Amino acid sequence: MTTDGSGTGAVESGPAEHIDISAERVADGVTVVRVTGEVDMLTAPRLRSEVIERITTGGTLVLDLGGVGFLGSAGLAVLVEAAQRSTREQAAFRVVAVERAVLRPLAATGLGEVFSVHPSVAEALGGDRG
């Protein structure tokens with residue numbers, strides 16, 4: 001999370017930026033990144049930096065898109081890059097998707113068959129949560 005430098009913890013946000021990203025380490029080597037808002041060409045770079053840096057060798061990253069109301073092609077590209085990086089790092093990359101705004105682009109592009117897509121964080125974690 002980026003702050004405005006005032007010490008208040010306020011998130012920098014331009015008028016066109018409609019995304020909130022939070023991360024939680026739920027177990028050793030297991031991180032859940034929750035996204036709320038719109039993932040488009042303006043917000044995808046921030047999502048990319050938040051996700052890519054959290055993919056660790058042998059770890060598990062769950063990307064919870066449950067609060068996403070729009071997933072554009074730039075967001076899909078971030079998911080593809082994250083999946084490729086997780087393969088290189090021998091890490092698990094799982095996506096949580098429940099909203100039509102996310103499920104439809106995944107299905108339309110065939111990426112729903114490429115990623116490990118789950119209806120909830122609990123199901124995505126399966127036996128990984130300790």
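These are numbered notes on the sheet, two of its helices and two backbone positions.

1. Status. The model is predicted. The points below should be read with that in mind.

2. Sheet layout. The sheet is open and has five strands, in the order 1-2-3-4-5. Its pairing is mixed. Strand 1 (19–27) and strand 5 (116–118) are the edge strands, each pairing on one side only. On average, neighbouring strands are turned by 20° against each other, direction ignored.

3. Strands 3 and 4. Strand 3 covers residues 60–71 and strand 4 covers residues 92–96. They pair in the parallel sense, over five bridges. D64 has V96 of strand 4 as its bridge partner.

4. Helix 1 on the sheet. Helix 1 spans residues 44–52. It lies across strand 1, strand 2 (30–39), strand 3 and strand 4. Its direction is at about 10° to strand 1.

5. Buried side of helix 1. Which residues of helix 1 are buried? They are A44, R46, L47, E50, V51 and I52. Note that R46 and E50 are on this list. The buried residues pack against strand 1, strand 2, strand 3 and strand 4, and also against helix 2.

6. Helix 3 on the sheet. Helix 3 (residues 100–109) packs on the sheet as well, where it touches strand 3 and strand 5. The direction of helix 3 makes about 105° with that of strand 3.

7. Two faces of helix 3. V102, P105 and L106 are buried. Viewed down the helix 3 axis, the buried residues fall within an arc of 100°, so they line one face of the helix. The general rule is that an α-helix has 3.6 residues a turn, so residues three or four places apart point the same way. The face turned away from the buried side of helix 3 carries the exposed residues R100, R104, A107 and A108.

8. Cover over helix 3. What covers the buried residues of helix 3? The cover includes strand 3, helix 2 (73–88) and strand 5. Helix 2 also packs against the buried residues of helix 1.

9. After helix 3. G110 comes just after helix 3. This glycine takes a positive phi of about 80°.

10. Q90. Here a residue other than glycine has a positive phi, near 55°. Q90 sits in the loop between helix 2 and strand 4. Is Q90 buried or exposed? Its relative accessible area is 66%, and over 50% counts as exposed, so Q90 is exposed.

Note on methods: Residues numbered from 1 in each chain as written. Predicted model: local features only at pLDDT ≥ 70, side-chain atom pairs only at ≥ 80, totals over all residues. Heavy atoms only, no water. Pairing = 2+ DSSP bridges. Helix = DSSP H or I, 4+ residues; strand = E, 2+ residues; numbered from the N terminus. Axes fitted to C-alpha atoms, helices over the stretch in contact; angles between N-to-C directions. Contact = heavy atoms within 4.5 Å. Buried < 20%, exposed > 50% of the residue type's maximum accessible area, 1.4 Å probe, protein only. Arc of directions from axis to C-beta.
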